[in-house]
Amino acid sequence: MRLRHVVGGQISVRCPLSGSAFWAIITPMNDTTTLPPLPDRLSIDPSSPYHVAAVFENDVGIRFNDKERLDVEEYCISERWIKVASTKSLDRRGRPLQIKLKGKVEAFYR
């Protein structure tokens with residue numbers, strides 16, 4: 001296939017075997033217009049009222065105090081905090097305790 005020209009997200013392609021031309025619609029990989037907006041508060045726990053399953057269909061990144069964190073379990077942008085799991089302590093249900101850290105929080109799609 002040979003690329004002919006690009007017009008606003010559509011490309012004209014010509015097949016080398018048959019010689020026929022056709023239009024194809026392309027979307028860039030970093031196109032975030034089709035992604036759901038990130039909520040102010042989000043949790044990875046499915047039993048939480050702040051869990052939004054549609055958001056987790058894509059990779060979500062959290063930047064806390066200008067450093068990217070990979071261990072965030074819950075965040076709130078307006079209240080400026082994140083919750084991370086404790087390494088050793090467990091709650092009465094056997095899940096790791098969560099520690100609340102306060103600072104600048106930014107959420108983004110990767």
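In this predicted model, strand E8 and strand E9 (residues 96-102) run antiparallel and pair over 6 bridges. A hairpin links E8 and E9, with 5 residues between the strands. Within this hairpin, glycine 94 adopts a positive phi near 85°.

Two residues of E8 illustrate the contacts made with E9. Leucine 90 belongs to strand E8 and stands opposite proline 96 in E9. Its contacts, leaving aside residues up to four places away in sequence, are Arg95, Pro96 and Leu97. Leucine 90 is nevertheless exposed, because its relative accessible area is 54% and the cut-off for exposure is over 50%. Serine 86 is also found in strand E8. With residues up to four places away in sequence left out, serine 86 touches Pro96, Leu97 and Ile99. Its relative accessible area is 16%. Serine 86 therefore counts as buried, since the limit for burial is under 20%.

On the E7 side, E8 takes part in a second antiparallel pairing. E7 and E8 are joined over 4 bridges. These two strands also form a hairpin, here with 4 residues between them. Arginine 80 lies in the turn and has a positive phi of about 60°. Valine 72 has valine 84 in E8 as its bridge partner. Beyond residues up to four places away in sequence, valine 72 touches Ile44, Ile62, Ile82, Lys83 and Val84.

E7 pairs with E4 as well. The pairing of E4 and E7 is antiparallel and spans 3 bridges. Serine 43 stands opposite glutamate 74 in E7.

These pairings belong to one sheet. Its 4 strands follow the order E4-E7-E8-E9, and the sheet is open with antiparallel pairing. E4 and E9 occupy the edges. Each has a single partner strand, so one side of each lacks a neighbour in the sheet. From one strand to the next, the twist averages 25°.

Just before E4 comes a loop residue with contacts to a distant part of the chain. Aspartate 40 lies in the loop between strand E3 (21-25) and strand E4 (41-43). Aspartate 40 and cysteine 76 are 36 residues apart along the chain, yet their C-alpha atoms are separated by 5.7 Å. Tyr75, Cys76, Ile77 and Ser78 are the residues that aspartate 40 touches, not counting those up to four places away in sequence. One of these contacts is polar. The side chains of aspartate 40 and serine 78 are joined by a polar contact of 2.8 Å. How accessible is aspartate 40? Its relative accessible area is 36%. Aspartate 40 is therefore partly exposed, because this class lies between the limits of 20% and 50%.

Strand E5 has pairings of its own. E5 and E10 run antiparallel and pair over 5 bridges. In this pairing, phenylalanine 64 has valine 105 in E10 as its bridge partner. E5 is also joined to strand E6 (residues 67-69) by 3 bridges, again antiparallel. Here phenylalanine 64 stands opposite lysine 67 in E6. A hairpin connects E5 and E6, with 2 residues between them. Asparagine 65 in its turn has a positive phi of about 50°. E5 is mostly covered, with 4 of its 5 residues buried.

In soluble globular proteins, nonpolar side chains tend to be buried together. The largest nonpolar core of this model contains 11 residues. Its members are Leu42, Val55, Val60, Ile62, Phe64, Val72, Tyr75, Ile82, Val84, Val105 and Tyr109. Four strands each supply at least two residues of this core: strand E5 (60-64), strand E7 (72-76), strand E8 (81-90) and strand E10 (105-109). E5 gives the most, with 3 residues.

Several residues already described recur in this core. Valine 72 and valine 84 are both members, and they are bridge partners across E7 and E8. Phenylalanine 64 and valine 105 are members too, and they are bridge partners across E5 and E10. Tyr75 is another member and is among the residues that aspartate 40 touches.

Conventions: Residues numbered from 1 in each chain as written. Predicted model: local features only at pLDDT ≥ 70, side-chain atom pairs only at ≥ 80, totals over all residues. Heavy atoms only, no water. Buried < 20%, exposed > 50% of the residue type's maximum accessible area, 1.4 Å probe, protein only. Contact = heavy atoms within 4.5 Å. Polar contact = N/O pair within 3.5 Å; in protein donor to acceptor, adjacent residues only side chain to side chain. Core = buried A, V, L, I, M, F, W, Y, C linked by side-chain atoms within 4.5 Å. Pairing = 2+ DSSP bridges. Axes fitted to C-alpha atoms, helices over the stretch in contact; angles between N-to-C directions.
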